[in-house]
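User: I should like to learn how to read the features of a structural model, one at a time. May we work through an example together?

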Amino acid sequence: MSLKEIIYPIQSYIELFDRKFSECISAEGFFVDDISEYVFKKQGKKIRPIITFLSANIAGRVNDQTIRCAVILELLHTASLVHDDVLDQSDMRRGEGTVNKIWGENTAVLFGDYLYGKCLELIETESDFMLMPIYAKIGKELPLGELLQKEVSENLDYSEGSYYKVISKKTAALLEVSAEIGAKSAKADIEIVNSLKTFGYYAGLAFQIKDDILDFSSDGKTGKPYGNDIREKKITLPLIYMLNDLSPKEREEVLSFIKSDDKSEYMIQELIYKVKEGYYLNKAEEQVKHFCSIAEIQLNSFENTQYKESLVKLLYFLVERNS
C-alpha cells in the first residue's frame, strides 16, 4: 500500500493544505521568502495533516477550521525542527542542508520564531481560540522533550521509563494532537475525540520506535546517517534492551563508549552488530506491533468508512517502512 493510495480520499484537502501552508509563509518580500520556499519544498510525508484530515472526516467532516488547524500545527512542528537543528548543530535533514547550515544559526533561530508568530496570525474565529490550550501544550511539550532527551543522554539513563517519556513528548504528542484537532474541528463529542487522541498517541510511540530501529539498519534514504543515535549519545529502545542483558562491567564499558566524544566507525559498527546479533531489534519490533494493536483498537467503535480504512493503513505504513 502506497501513501498515495492511503491519502486518495483526502487528496483535495492535502492540496488545499499545501496551498495554504505555502501562502502563509511566502509573502514577506525579502530573503525570508527564500528560506520559506526552501523549507516548504523539504516537507516530508505530511503525516500530521493526513491524520488531522482523516480524523476530522471520521468524526464528522473537514471544514475551514480543520485546514487552519493542520497548517498551524505544521508551522509549530516546522519551527521546532528548525530550532532543534540549531541546538544539535545539525548540517543535514532529509538529505539536504539545514536552515542553520545554509543561512547561519542566528537566522535559523529568528526564522523559527517567525514561524511561531505565523501560528498566532492564522487564528481567526472563536472556535480557533478555543483550541489555543492545545497549541500551547504542544508548544511546551516539544522543547520539554528536547530538554529531557538532553538530560537522559548526559546521564546515560538507559531506563525504559525515561525513553518513553522522551518519545511521548517528542513524537507521540504531535500525532496525538494531530488527531485531536481534527476531531475537535469537526465538533465531535468527547468520546470520539479521546478515541482518536489515543490512536494518535500510540501510533506516535510505534512510529518513533520504528525510527529508532531503522537507525541500526538505515540505508541513508532518510538523510539520517546510519548509527547516528549512537554518535549523538542517544540510548534508544534496542540499545536499552541490550544493556539490560549485560553484566554490570559490560554495561559500564558500553555506556562509557556511548559517552565518549571520539568514537571510531569500527566501534560503532561493532556495537550495532551486537544489538542485531542479540535480536534486540526484533524485540523492539514486537513493541511496535503492541502499540499498533492498541492504536487500532481505538478505531473499533467507528463505522467502516474509507477514512477509517485509510487511517488504519497509514498506521501500518508508518511502522512497516524500511526508510
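User: Is Cys69 buried or exposed?

Analyst: This is a predicted model, in which local features need pLDDT of at least 70, side-chain atom pairs count only at pLDDT 80 or more, and totals for chains, interfaces and linings use all residues. Residues are numbered from 1 along each chain as its sequence is written, and side-chain values use heavy atoms, with hydrogens and water left out. Buried means under 20% relative accessible area, exposed over 50%, and partly exposed in between, with a 1.4 Å probe and protein chains only. Cys69, at 1% relative accessibility, is buried. Cys292 is buried too, with a relative accessible area of 1%.

User: How many disulfides does the structure hold, and why does Cys69 not form a bond?

Analyst: A disulfide is a pair of cysteine sulfur atoms within 2.5 Å. The structure holds zero disulfides. For Cys69, the closest cysteine sulfur belongs to Cys119 and is 12 Å away, which is too far for a bond.

User: How should one read the helix that contains Cys292, and which of its residues are buried?

Analyst: Helices (H or I, at least four residues) and strands (E, at least two) are DSSP runs, numbered from the N terminus. The expected span of a helix is 1.5 Å times one less than its number of residues. Helix α16, residues 280-297, has 18 residues; from first C-alpha to last it reaches 26 Å, close to the 26 Å expected. Its buried residues are Tyr280, Leu281, Ala284, Val288, Phe291, Cys292 and Ala295. Seen down the axis of α16, these fall within an arc of 130 degrees, so they line one face of the helix; the arc is that of the directions from the helix axis to the C-beta atoms. An α-helix has 3.6 residues a turn, so residues three or four places apart point the same way.

User: Against which elements do the buried residues of α16 pack?

Analyst: Contact means heavy atoms within 4.5 Å. The buried residues of α16 pack against α10 (160-185), α11 (190-214), α13 (237-245), α15 (265-277) and α17 (306-319).

User: What does Leu54 touch, leaving aside its neighbours within four places in sequence?

Analyst: Leu54 lies in helix α4, residues 47-59, and is buried, with a relative accessible area of 0%. With those neighbours set aside, Leu54 is in contact with Ile10, Tyr307, Ser310 and Leu311. The C-alpha atoms of Leu54 and Gly182 are separated by 7.6 Å, although the two are 128 residues apart along the chain.

User: Is Lys118 buried or exposed?

Analyst: Lys118, in helix α7 (residues 105-121), is buried, with a relative accessible area of 10%. Beyond its neighbours within four places in sequence, Lys118 is in contact with Cys24, Glu28 and Leu75.

User: How is a cavity defined, and how many of 30 Å³ or more does the structure hold?

Analyst: On a 1 Å grid over the protein atoms alone, a cavity is a set of points where a 1.4 Å probe fits but cannot get out; lining residues have an atom within 4 Å of a point. Grid points are joined across faces, edges and corners, and a volume is the space filled by probe spheres set on the points. The structure holds two cavities of 30 Å³ or more, and the largest has a volume of about 190 Å³. Of the 15 residues that line the largest cavity, Val39, Thr78, Leu81, Arg93 and Arg94 are the closest to its centre. Helix α5 (residues 64-88) gives the largest share of that lining, six residues.

Note on methods: 1 Å grid on protein atoms, 1.4 Å probe; cavity = no way out; pocket = protein on both sides within 12 Å on 5 of 7 lines; lining within 4 Å.
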